[in-house]
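Please walk through this structure with attention to its aromatic rings, the charges that lie over some of them, one helix, and a patch on the surface.

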Amino acid sequence: MTVEPADGLIDEPRRIAISGLSPDQLVAISAHTLRAGGVTWMSQATFMADADGVIDLTRDAPVGGDYAEVSAMGLLWSQQPVDSTSNDLFADTVMQPLETTLTAETADGVRFEAELRQHFAGPGVERREIREEGLVGTLFTPAGAGPHPVVVVLNGSGGGINEPRAALLASRGYQAFALAYFKAPGLSPFITETPLEYLETGLRWAHRELAPRDGFVAVSGQSRGGELALLLGATFPDLVSAVIAFVPGAMVHGAQGAGDPARGGWKGTTWTRGGVPLPHLWQDNNAVHWHPWAGEAPPTRHHSVFFEGLKDTVLVERARIPVETIAGPVLLISGRDDRAWPSSLYSRMVVSTLREHGHPHLVRHLDFDDAGHAINLPIVPSTQLSRLHPVSRVPYTNGGTPSGNARGNDGSWAGMLAFLDEITGTAGAARPGFNP
């Protein structure tokens, strides 16, 4: 059994193949990966050799197991945690690779193994914790001489610092500043009443301290971070060169599942500017008549309330993010089966508004069939469709299918890199590789 390459970045597909078998021989292959907290994730699928005694996962679908299509990396995206409810897909530290053991077993009990390592940080990528001017984040700098284009990376309603995405961006040539805005050391444990001035400080710091190439500082965010990325682009157009919004909202929402129960809970204020709360969708909404966090079982509960909320058209206009004031390119990424909130609709609303106002910059919308809310990095498990919210601990459903989510993960990452390459003028340039 061979893996080519055995070592590589996490976004790099591999060729897993077995040779020397008998024609039509059945072989079961399992994949065990040690992820955060020492939790093992695993998958299993059975394959039948061809007439030459070869199994090649780049061309062969399994005849049974945890996925059912031709997918070179199906054994990784179909993994589930073993004896755990963990949702942590990555390693305890992004500077160490994820290690996967592939074990093949024939019907007569012959076993053989191969190893596969997925790195977040390529050779020469440097990691530095940032604790300056009240900012809490981590900076990842690519190998090689700068200056580099900069991407500020924001997490969603789980809070914290999105180091995996930032490390991988740096591995692909972009200086990446993973900036926390709540639920990180020294910050509030809740998203409630997050001041936009804190994010403005982060943007100004990036411009001043990182000396970005051609002054380019993009903002990338996921879910509530996607909402925030659009809001920052609209509020500080002179500081944001481009917006990348994964499964975003098109308007300001209340604090929802990340809200402080002592300050309004799910209906509390999320963002403030100058100490003044920004109007949001749940603020005395005349169309919402039931509690979205204590109603029916997922997925109906969370998905439906947003459509109800949009019926209050006066409030929707007040809460709308004025995306027409964004002064750069915009990339929107969504899943058509998003069950957490309607990111596909929200993205289309943003595109429509930009078109209506004659936005002079590139606008691109990547909308993925059978993908849900949890669009992630490529080649990671995409099987956990329902989970507990990391702040409120309320159950909710992301939506999508494991296969559809995996395609969304791969396509969104490739699409984002293509977008960044195009707008920074680096399209066609050789990418940093991985040479162990």
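In this predicted model, W341 has a relative accessibility of 2%, and because buried means under 20% relative accessible area, W341 counts as buried. Y346 counts as buried too, with a relative accessibility of 0%. W341 and Y346 belong to one aromatic cluster, which also takes in W266, W282 and F306.

A search of the whole structure finds nine aromatic pairs, and one of them can be followed through its geometry. The ring centres of F177 and W205 are 4.9 Å apart and the ring planes meet at 45 degrees, so this pair is classed as tilted, the class for planes that are neither under 30 degrees apart nor over 60. This pair links distant parts of the chain, since F177 lies in strand 14 (residues 175–179) and W205 lies in helix 3 (residues 196–209), with the two positions 28 residues apart in numbering. How does the pair formed by W341 and Y346 turn out, given its ring centres and planes? For W341 and Y346 the centres are 5.8 Å apart and the planes stand at 85 degrees, and because planes over 60 degrees apart count as edge-to-face, that is the class of this pair.

Returning to the tilted pair, F177 has a relative accessibility of 0% and therefore counts as buried, while W205, at 1%, counts as buried as well. W205 is among the buried residues of helix 3, which are L196, Y198, L199, E200, G202, L203, W205 and A206. The length of helix 3 can be checked against expectation: with 14 residues and 1.5 Å a residue, helix 3 should span 20 Å, and because its end C-alpha atoms are 20 Å apart, the two values agree. Just after helix 3, A211 adopts a positive phi of about 45 degrees.

Aromatic rings in this model also take part in contacts with charged side chains. R165 lies over the face of F246, at 4.4 Å from the ring centre, and the charged end of R35 sits over the ring of W41, 5.8 Å from the centre of that ring.

The last stop is on the surface, where L26, M48 and V63 form a nonpolar patch with about 280 Å² of accessible area together. Within this patch, M48 belongs to strand 5 (residues 40–48). Is M48 partly exposed or buried? Its relative accessible area is 42%, and because partly exposed covers the range between 20% and 50%, M48 is partly exposed.

Notes:
Residues are numbered from 1 along each chain as its sequence is written. This is a predicted model: local features need pLDDT of at least 70, side-chain atom pairs count only at pLDDT 80 or more; totals for chains, interfaces and linings use all residues. Side-chain values use heavy atoms; hydrogens and water are left out. Patches are made of residues with over 30% relative accessible area and no salt bridge: like charges are joined within 9 Å, nonpolar side chains (Val, Leu, Ile, Met, Phe, Trp, Tyr) within 5 Å. Accessible areas come from the Shrake-Rupley method with a 1.4 Å probe; for residues, only the protein chains shown count as cover. A salt bridge is a side-chain nitrogen of Lys or Arg within 4 Å of a carboxyl oxygen of Asp or Glu. Helices (H or I, at least four residues) and strands (E, at least two) are DSSP runs, numbered from the N terminus. Buried means under 20% relative accessible area, exposed over 50%, partly exposed in between (1.4 Å probe, protein chains only). Rings of Phe, Tyr and Trp (its six-membered ring) pair if their centres lie within 6.5 Å; planes under 30 degrees apart count as stacked, over 60 as edge-to-face and the rest as tilted. A charge sits over a ring if NZ of Lys or CZ of Arg is within 6 Å of the ring centre and within 35 degrees of the ring normal. The expected span of a helix is 1.5 Å times one less than its number of residues.
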